[in-house]
Amino acid sequence: MAFAIIKTGGRQYRVAEGDTIDVDLLETEPGKQVVIGEVLMHADGDKLTHGAPIDGAKVTAEVIEQRKDKKVVAYKFKRRKGYHRTLGHRRKLTRLKIKSISVGAKKSTKKETD
Amino acid sequence: MPRATNAPASRERRRRILRKAKGYRGRRSKLFRYAKDATMKGQYWAYRDRKTRKRNFRMLWIQRLNAAARANGITYSRLAEGLKAASIVLDRKILADLAVTDEKTFASIIEQAKVALDKKSKSTKAA
């Protein structure tokens, strides 16, 4: 099974074609395509490609929706100080469906050494 | 002067707490006096533990990585050094996941880290 490790929003995700993932909010609209250029690794069976990131490799994904995560409540409390605060927060996410993974220029299976 | 009552508001306030305490054990879900404390602590700990969860998972991944690395004849500490030398920037979450679900890929990553480590130690000795 071919998969790629991509990085977006400071997090790394392991994705294969057809996967649906939630990533940190990206500035796009539903129905549009996004291209993630930061592909850190690509594996296709025995073939491994590494890079930081791999030159020319990209993952294309379709934006399904801009959504919000479940609400989390931040409750702060300091004892004996009469202090408490309640804050709600919903993380903004972009739901992506991975369309294609391309490694770009062909490279040897081993990491290039100089 | 008419008597001022605040009963509806007080009842609603207590009901709000009891609603949050649904599913708690025993009187902590039924009696306001205990539910108040329970929900307060629940939310307080949830807020704190969302942060500690990040540390806990990192620790877990490192333990898994260490176990998997030792199975491949290298310690975690050396592996981390080797990965840096090989400029493999995969994070610990990904590496630990690979170690569990895709041993072959993980083994080849370790191999690269070992090669980079060898090269590094040779170059420092020469210098």
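**Two pockets between chains A and B**

Student: Which element gives the largest share of the lining of the largest pocket?
Tutor: This is a predicted model, where local features need pLDDT of at least 70, side-chain atom pairs count only at pLDDT 80 or more, and totals for chains, interfaces and linings use all residues. Residues run from 1 along each chain as written, chains are lettered from A and ligands numbered from 1 in written order, and side-chain values use heavy atoms, without hydrogens or water. Eight lining residues come from one helix (a DSSP H or I run of at least four residues; strands are E, at least two; both numbered from the N terminus). That top contributor is α2(B).

Student: Which elements of chain B supply at least two residues each there?
Tutor: Chain A brings in β2 (11-15) and β8 (72-78). From chain B come α2 (32-71) and α4 (92-101).

Student: What volume does the largest pocket have?
Tutor: Closest to its centre, among 22 lining residues, are Arg11(A), Arg91(A), Arg50(B), Arg53(B) and Lys54(B). The volume of the largest pocket is about 750 Å³.

Student: How many residues of that lining are charged?
Tutor: Six are nonpolar and three polar. The charged ones (Asp, Glu, Lys, Arg) number 13.

Student: And the second largest pocket, which residues are closest to its centre?
Tutor: The second largest pocket has a volume of about 390 Å³. Of its 13 lining residues, the closest to the centre are Tyr75(A), His84(A), Ile17(B), Lys36(B) and Met40(B).

Student: Which element gives the most to this second lining?
Tutor: β8 and β9 (83-89) of chain A, with α1 (7-20) and α2 of chain B, each supply at least two residues. With five residues, the leading one is α2(B).

Definitions and conventions:
1 Å grid on protein atoms, 1.4 Å probe; cavity = no way out; pocket = protein on both sides within 12 Å on 5 of 7 lines; lining within 4 Å. Points joined across faces, edges and corners; volume = space filled by probe spheres on them.
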